[in-house]
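I opened this entry to keep a record of what I looked up, one topic at a time. The notes follow the order in which I went through them.

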Amino acid sequence: MTGNRRHRRRRRARPQQAAEPSPPPAPASLSSREVAVAARPSKKICDASGSISSSSSGSHAWESLLDSLLHQIISLISSFHDFLAFRGTCHSWHAAASSFPSVYTFSFPPLHLKPDVSQESYNSDRKSQLVDPAKKSLSHRCSAPGITPHPMRYLGCSYGYLIFSDRRHCHLVDVYTGTKVKPPKFQSESNTLIYLGILTAPLDSPNSRLILFSRISMLQWQVGTNSWTEHPQVGELIHQIVLFKGQMFAMDFVQRLHTIHISPELSMQEVAVMWEQSMLVGLHSKPWLVVCGDMLLLVDLSVSMDQLFGFPGTFQVFRLDFSVEPAKWVKMDKLDNWALFLTNDRRNPTFSCMNPERWGGKSNYIYVPTKSEDFDEPWTAIEVGQPVPSSTHRMSFSSAATAHCSPLNSLWVLPSLVYGVDQ
């Protein structure tokens, strides 16, 4: 018996064959430490060059996958937290995430940003909360702008940065890390009339520009330079701006469509568009522009005359058909396998997501933040073509005409680290 036990003990002492390693799982919680982890490769997985470190053994073929394959993997990730885990795996995967091209679309939803509005002073140092619809139990606290000598005015959100201005400066705040960027001081008095701002590309892109719109001019700052350029603006105020297939499309307050050109100088040109008859009947809220794959959509909240004393309206969706001259808005009965994300404030970005069932969402639905604490979630989903409940309409779509004057409220956002420099 003693000999048999020794024999079994010797067999257990034999080294096991190393199992093929797999990428690390998604983090269980979100904290500020993750930003640092995601920004540098893990020494336990690979070294700074992306090769296997001496502490690893065995064949790690998944570490040397081609960028084209890694980009396809990224396009299948179903949550921001999983994207963070992918990005933090090793140097080569981090680099692939940073160079994720615009031909791919993310299949995970944007994050919901709920700012802290408990304090009366708008320029106080406050905390906001980011919630991932795909992993609702995980949230992240981020910093709002710090104290400045002058009151801060909210101008919009672009490529993961909140844009504010005071009397002298513009301020950019990363919604995820809280990092603040201060462009050069304004050179003219027109800054007192600024109401809208947008980045033309991710902030770390070589040719990124920040464009601000005032009632009398457009101001442009090329990131990295020390001055602003100013160009006169003629016409109606701009209602919303989206970037679609390398062009900036803007809609003004009388719902005319324009393209904004950077070169040879900053300018704006109206686009001839035909409206479908159903878009002209009944009462309408100000529409939203949404980029959805290879389509430019217009989302309209319409109220027919027989609904005035019942449900306030329904969402209708139109796509811009560029194949005809002039271009024409064509009604879509359904969004098929897409979901849209929008807010009452048109200064905020809009988003689309394909196959939302992969993260627990619903196709053909539009997700909007709510203003009530009575709901289990800080947002609600409304099916296209179905009546919008009166309570949702009052909480989410009130005062659309004055939204450009309002302070920062709940919005959808993708953090800046999601956008690669090739976007």
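The model I am working from is a predicted one, and I began with the open sheet, in which four strands follow the order β4-β5-β6-β7 with antiparallel pairing. I noted that β4 (153-158) and β7 (180-181) are the edge strands, each with a single partner, so one side of each has no neighbour in the sheet. Looking at one pairing in detail, I found five bridges between β4 and strand β5 (residues 161-165), which run in the antiparallel sense, and within this pairing G156 is placed opposite I163 of β5.

I then turned to the whole chain, for which I recorded six helices and 26 strands. Of its 423 residues, 51% are buried, and about 20,600 Å² is exposed, with carbon and sulfur atoms supplying 52% of that area. Among contacts with a separation of 6 or more, I noted that 55% are between residues 24 or more positions apart.

Next I followed strand β21 (residues 327-332), which pairs in the parallel sense with strand β16 (residues 273-274) over two bridges, V273 having A327 as its bridge partner. I also found β21 joined by five bridges to strand β20 (residues 314-321), this time in an antiparallel arrangement, with D321 bridged to K328. The connection from β20 to β21 is a hairpin of five residues. As background to both pairings, I kept in mind that the strands of a sheet pair through backbone hydrogen bonds, in either the parallel or the antiparallel sense.

For helix α4 (residues 80-87), I asked how many of its eight residues are buried. Seven of them are, so the helix is largely enclosed by the rest of the structure; the buried ones are F80, H81, F83, L84, A85, F86 and R87. D82, by contrast, counts as partly exposed, at 24% relative accessibility.

That residue led me to the salt bridges, of which the structure holds three. The side chain of D82 meets that of K135 at 3.9 Å, N to O, and this pair links distant parts of the chain, since K135 belongs to strand β3 (residues 135-143) and D82 to helix α4, 53 residues apart. K135 is itself partly exposed, with a relative accessible area of 26%. A second salt bridge joins the side chains of R256 and D252 at 3.1 Å, N to O; here I noted that R256 is partly exposed at 33%, whereas D252 is buried at 1%. In the remaining entry, D345 and R347 form a salt bridge whose closest N and O atoms are 2.6 Å apart, and both of these residues are buried.

On the surface I looked up a nonpolar patch made of L66, L69 and I73, which together have about 260 Å² of accessible area. I73 lies in helix α3 (residues 67-74) and is partly exposed, with a relative accessible area of 31%.

My last query concerned G293, which sits in the loop between β18 (288-292) and β19 (295-303). Which residues does G293 contact, leaving aside its neighbours within four places in sequence? I listed F244, W338 and S352. I also recorded 8.4 Å between the C-alpha atoms of G293 and M354, which are 61 residues apart along the chain. Even with these contacts, G293 is partly exposed, at a relative accessible area of 31%.

Methods. Residues numbered from 1 in each chain as written. Predicted model: local features only at pLDDT ≥ 70, side-chain atom pairs only at ≥ 80, totals over all residues. Heavy atoms only, no water. Pairing = 2+ DSSP bridges. Patch = residues over 30% accessible without salt bridge, like charges linked within 9 Å, V, L, I, M, F, W, Y side chains within 5 Å. Areas by Shrake-Rupley, 256 points an atom, 1.4 Å probe, with all protein chains shown as cover. Salt bridge = Lys/Arg side-chain N within 4 Å of Asp/Glu carboxyl O. Buried < 20%, exposed > 50% of the residue type's maximum accessible area, 1.4 Å probe, protein only. Contact = heavy atoms within 4.5 Å.
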